[in-house]
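Open the model in your viewer and keep the selection panel at hand. Each stop on this tour gives you something to select.

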Amino acid sequence: MAIQISPSILSADFAHLAAEAEAVSQSADWLHVDVMDNHFVPNLTLGLPVVEALRASASLPLDCHLMIEDPDRWAPSFAEAGAGSVTIHAEAARSPVRTLRTIRSSGARAGLALNPVTPVDGYAELLGELDMVLMMTVEPGFGGQPFLDMVLPKIRRARALINDSDADIWLQVDGGVSAETIERAAEAGADVFVAGSAVYGADDPGHAVDALRTQAEKATH
Ligand SMILES: O=C(CO)[C@H](O)[C@H](O)COP(=O)(O)O
């Protein structure tokens with residue numbers, strides 16, 4: 001599958017979200033929206049009203065990553081609000097099959113995220129319910145953390161499980177993705193890359209997206 005880049009607005013200027021979204025609209029594939037509730041992770045960001053506002057103003061599809069305690073309760077609302085993709089955490093979902101099916105029935109792509117030390121094999125049965133697996137390469141909660149190389153073998157394992165399943169499932173990495181780390185993640189089999197500080201910390205966010213894409217493509221050819 002073609003490489004996709006999903007800039008994380010967690011590292012953007014929250015006072016100018018529409019302009020920050022516009023800055024990557026010509027170069028990125030998605031806009032990654034980190035929803036945090038200060039329970040599942042020790043940080044509080046934004047919720048449904050901001051997603052609805054972004055949906056109305058941003059041209060890129062929204063890639064909503066729910067780092068919240070009760071995704072079964074909230075994920076359907078994000079899908080109904082028009083998110084292009086809604087990802088729930090395996091560690092938080094109590095009824096993942098039902099929730100993933102509800103996301104899909106609203107027309108959004110359904111994703112399952114795994115924290116760095118959550119094993120992937122226990123979730124192989126869920127592949128048929130998924131459009132994307134998200135591998136956290138930092139502990140979730142904050143941008144700007146260093147990429148955890150310890151997750152690379154799990155990304156390789158996920159890639160093998162996805163290839164064996166013959167399903168069209170994207171493999172996303174999130175956390176510490178930069179010009180220095182993206183090639184390793186791509187070589188391990190990831191094809192969708194979330195980048196926060198590497199994009200919004202750059203002088204030209206659009207150019208930073210182009211540069212990340214070029215490097216990931218280089219690693220997979
Ligand atoms: O999910 C996240 C943190 O929980 C963020 O998407 C991620 O950390 C992006 O920021 P950076 O690229 O700076 O690591």
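The tour below goes from the ligand to the core, then to the helices and the loops.

**Stop 1: the ligand**

Keep in mind throughout that this is a predicted model. Select the ligand and the residues around it. There are 21 of them. The closest are Asp34, Gly141, Asp174, Gly196 and Ser197.

Now look at the oxygen atoms of the ligand. One oxygen atom is 2.5 Å from an N or O atom in the side chain of serine 197. At glycine 176 the partner is a polar backbone atom, and an oxygen atom of the ligand is 2.8 Å from it. Serine 8 uses its side chain: an N or O atom there is 3.5 Å from a ligand oxygen atom. How much of the ligand does the protein bury? Taken alone, the ligand exposes 360 Å², and the protein buries 100% of that.

**Stop 2: the nonpolar core**

Hide the ligand and select Leu31, Met135 and Phe193. The largest nonpolar core has 66 residues, and these three touch the most other members. Next, colour helix H5, residues 152–165. H5 supplies the largest share of this core, 5 residues. In soluble globular proteins, nonpolar side chains tend to be buried together.

Stay on leucine 31 and show its contacts, leaving aside neighbours within four places in sequence. Ser6, Pro7 and Ile9 are among them. So are Ala21 and Val24. Leu54 and Ala58 are also in contact with leucine 31, as are Leu60, Pro61, Leu62 and Asp63. Tyr200 is on the list too.

**Stop 3: helix H2**

Select helix H2, residues 48–57. Which of its residues are buried? They are Leu48, Val51 and Leu54. These buried residues cover an arc of only 120° around the axis, which puts them on the same side of H2. An α-helix has 3.6 residues a turn, so residues three or four places apart point the same way.

Turn to the other side of H2. Pro49 and Ala56 are exposed there. Then go back to the buried residues of H2 and show what they pack against. The partners are helix H1 (17–23), strand S2 (31–36), strand S3 (62–67) and helix H3 (71–80).

**Stop 4: helix H3**

Move on to H3. Its buried residues are Pro71, Asp72, Ala75, Pro76, Phe78 and Ala79. Seen down the axis of H3, they fall within an arc of 160°, so they line one face of the helix. They pack against S2, H2, S3, strand S4 (85–89) and helix H4 (96–105).

Pick out tryptophan 74, which lies in helix H3. Is tryptophan 74 buried, partly exposed or exposed? At 36% relative accessibility it counts as partly exposed. Beyond its neighbours within four places in sequence, tryptophan 74 is in contact with Leu48 and Ile68. Follow the chain past the helix: H3 is followed by glycine 82, whose phi is positive, near 105°.

**Stop 5: two residues with positive phi**

Most residues other than glycine have a negative phi, and most peptide bonds are trans. Select asparagine 38. Its phi is positive, about 65°, although asparagine 38 is not a glycine. Asparagine 38 sits in the loop between S2 and H2. Its relative accessibility is 44%, so it counts as partly exposed.

Now select aspartate 166. This residue is not a glycine either, and has a positive phi of about 65°. Look for aspartate 166 in the loop between H5 and strand S7 (170–174). It counts as exposed, at 73% relative accessibility. Draw a distance back to tryptophan 74. The two C-alpha atoms are separated by 30 Å, with the residues 92 apart along the chain.

**Stop 6: two more loops**

Select asparagine 115, in the loop between strand S5 (109–114) and strand S6 (132–136). Is asparagine 115 buried or exposed? It counts as buried, at 13% relative accessibility. Not counting residues up to four places away in sequence, asparagine 115 touches Phe40, His89, Glu91, Met136, Pro140 and Lys154.

Finish at alanine 15. This residue is in the loop between strand S1 (4–7) and H1. At 62% relative accessibility, alanine 15 counts as exposed. Add leucine 100 and draw the last distance. The C-alpha atoms of alanine 15 and leucine 100 are separated by 32 Å, and the residues are 85 apart along the chain.

Key. Residues numbered from 1 in each chain as written. Predicted model: local features only at pLDDT ≥ 70, side-chain atom pairs only at ≥ 80, totals over all residues. Heavy atoms only, no water. Core = buried A, V, L, I, M, F, W, Y, C linked by side-chain atoms within 4.5 Å. Buried < 20%, exposed > 50% of the residue type's maximum accessible area, 1.4 Å probe, protein only. Helix = DSSP H or I, 4+ residues; strand = E, 2+ residues; numbered from the N terminus. Contact = heavy atoms within 4.5 Å. Near = heavy atom within 4 Å. Polar contact = N/O pair within 3.5 Å; in protein donor to acceptor, adjacent residues only side chain to side chain. Areas by Shrake-Rupley, 256 points an atom, 1.4 Å probe, with all protein chains shown as cover. Arc of directions from axis to C-beta.
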